[in-house]
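Where does this protein leave empty space, and what surrounds it? The report below goes through pockets, cavities and one helix contact.

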Amino acid sequence: MAVAATVLTGCAPQGATVLDTAAPVRLTMWSGQSDEAAKLLQGLVDEYEDAHPNVTIDMSSGASSTDELLQKLAASFAGNDSPDISYTFGSWASQLERSGRTLDLRAEAEDPDTRWDEFSPAARGTAQPTGKKVIGFPAVVDNISLFYNKTVFDAAGEPYPTADWDWSDFRRAAKALTDRDSQTFGYGYSVSGSEETTWQMWPHLWQNGGSILSEDGEHAAFDSEAGVDALTFMRSMAVTDRSVYLDQTDTKSAQLFESDRIGMITSGPWELSALKTAGTSYGVVRLPGTDGDHQTVSGPDLWTLFDNHDVNRAYWAKDFTKWLTSPEQDERFNVAVGNLPLRSSEADSPAFREQVAALPGLDVIQANSAEAKQVRPTLPGYNGLSEAFGDAVSRVLQGEGEPAEALRQATVAADKALRQG
């Protein structure tokens, strides 16, 4: 994709070169949203157009699924027909920046009126993947927190988790909650080897002082003392204590938690509606930590802006996206559909408090965004790295191999993926 963009940049049609904010402008926007969210978003687009009569925004889904947008974007680069704005997964950020086709929003991010610091550290880092260009505004944010089933805790006579829990508290409780006779487990963890397996382990690595990548971003760094210790800890729960339900499906743990068969899971805001429907008695706290470090992981997505060699289109694309991600509009989009608010300033808004009343724990997950301090890598080789790491974690938690050797082997595969990009 980067090669295609570089080769064809000189063939791109040239639009306006002198800014004229009164000139008629037509923008293309790919929303990547479900029907309900797209309807809300279209209402906001219509409102913006009414307030700016010279601006027309042609919004469509862009592709039949969000996953397909990256391929569509690559094709648009080759055809010099990019959208001005597109929803993009955060994991694509480095690849999109390397294409050379994104706008640079550093000036907007540095503008005090933008209130850039209200976005979480992970969201800001994803929007600035190499520390240079800011390629877009955060579109959706999330994180994982510790969910606990009050019915299971009460049956075991165990006190509920607190925000100050450390790893030893977590392990002790999981062991106490496990009941072989009723097939109740203290904790549920994915061993499918997917990204679900991987990203639930990253907080343990970070809390223990470890890193996913080397400082130059070219090598895997999880095969460290911190990584081995983190995986050894989880192995002690899964293999020694046998207090972990090992989920091969990525979905069964949540279902068993909802039906009072698992005491704790790590999940995010997407779980709350299912818990409400199931009538599960639950609570939410931030993740157990080590030495006072309670870091979590987040997978922010972006509204990425693209350069169509037209200063008027660039101006209005930036203006619209800044407006869309402001607290007032975000409360009518992300908050309205049950997502976390993008900005910390929305935590006390009436709109968010109403959602918290409907989905208890949403406020805890929102506050936990402050613990999302590191960025999950967005470079092209991450998928291969994740697969290698996830496979190692899966095997070790099922009693196959030792942490140190498994991570050493995973590093070899991960480094190959990073080299191939």
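For sorting residues, Ala, Val, Leu, Ile, Met, Phe, Trp, Tyr, Cys and Pro count as nonpolar, Asp, Glu, Lys and Arg as charged, and the others, Gly among them, as polar. On that basis, the lining of the second largest pocket divides into eight nonpolar, eight polar and seven charged residues. The model is predicted.

**Pockets**

Start with the second largest pocket. Its volume is about 450 Å³. It is lined by 23 residues, and Ser94, Pro129, Leu213, Gly217 and Leu379 lie nearest its centre. Two or more lining residues come from each of α4 (93-98), α6 (121-127) and α18 (403-420).

The largest pocket has a volume of about 640 Å³. Its lining holds 34 residues. Nearest the centre lie Glu195, Glu196, Trp199, Trp270 and Arg376. Helices and strands both contribute: β6 (185-190), α9 (195-207), α11 (252-258), β8 (262-267) and α17 (382-397) each give two or more residues. Of these, α9 gives the most, with four residues. By class, the lining of the largest pocket has 11 nonpolar, 14 polar and nine charged residues.

**Cavities**

Rolling a probe the size of a water molecule over the atoms shows where empty space is left. How many cavities of 30 Å³ or more are there? The count comes to two.

The largest cavity holds about 70 Å³ of space. Its lining is Trp167, Phe170, Tyr187, Gln200, Pro203, His204, Gln207, Thr266, Leu287 and Pro288. The elements giving two or more of these residues are α8 and α9. The largest share, four residues, comes from α9. Six of the lining residues are nonpolar, four are polar and none is charged.

The second largest cavity has a volume of about 40 Å³. Around it sit Met201, Leu205, Gly227, Ala230, Leu231, Phe389, Val393 and Leu407. Here α9, α10 and α17 each give two or more residues. With three residues, α10 has the largest share. The lining of the second largest cavity is made up of seven nonpolar residues, one polar and no charged.

The four spaces are set out below.

| Space | Volume | Nonpolar | Polar | Charged |
|---|---|---|---|---|
| Largest pocket | about 640 Å³ | 11 residues | 14 residues | nine residues |
| Second largest pocket | about 450 Å³ | eight residues | eight residues | seven residues |
| Largest cavity | about 70 Å³ | six residues | four residues | no residues |
| Second largest cavity | about 40 Å³ | seven residues | one residue | no residues |

**The α8 and α10 contact**

Two helices named above also meet each other. The axes of α8 (residues 167-177) and α10 (residues 225-240) come within 10 Å and cross at roughly 15°. Angles under 35 degrees count as roughly parallel, so α8 and α10 are roughly parallel to each other. The crossing of α8 past α10 is right-handed.

Which residues make the contact? From α8 come Trp167, Phe170, Arg171 and Ala174. From α10 come Ala230, Phe233, Ser236, Met237 and Thr240. These residues divide into six nonpolar, two polar and one charged.

Some contact residues also border the cavities. Trp167 and Phe170 of α8 touch α10 and line the largest cavity. Ala230 of α10 is part of the contact with α8 and lines the second largest cavity.

Technical notes: Residues are numbered from 1 along each chain as its sequence is written. This is a predicted model: local features need pLDDT of at least 70, side-chain atom pairs count only at pLDDT 80 or more; totals for chains, interfaces and linings use all residues. Side-chain values use heavy atoms; hydrogens and water are left out. Axes are lines fitted to C-alpha atoms, for helices over the stretch in contact, and angles run from 0 to 180 degrees between N-to-C directions. Angles under 35 degrees count as roughly parallel, over 145 as roughly antiparallel, 65 to 115 as roughly perpendicular and the rest as oblique. A crossing is left-handed if the near helix is turned anticlockwise from the far one by less than a right angle, and right-handed if clockwise. Contact means heavy atoms within 4.5 Å. On a 1 Å grid over the protein atoms alone, a cavity is a set of points where a 1.4 Å probe fits but cannot get out, and a pocket is an open set with protein on both sides within 12 Å along at least five of seven lines; lining residues have an atom within 4 Å of a point. Grid points are joined across faces, edges and corners, and a volume is the space filled by probe spheres set on the points.
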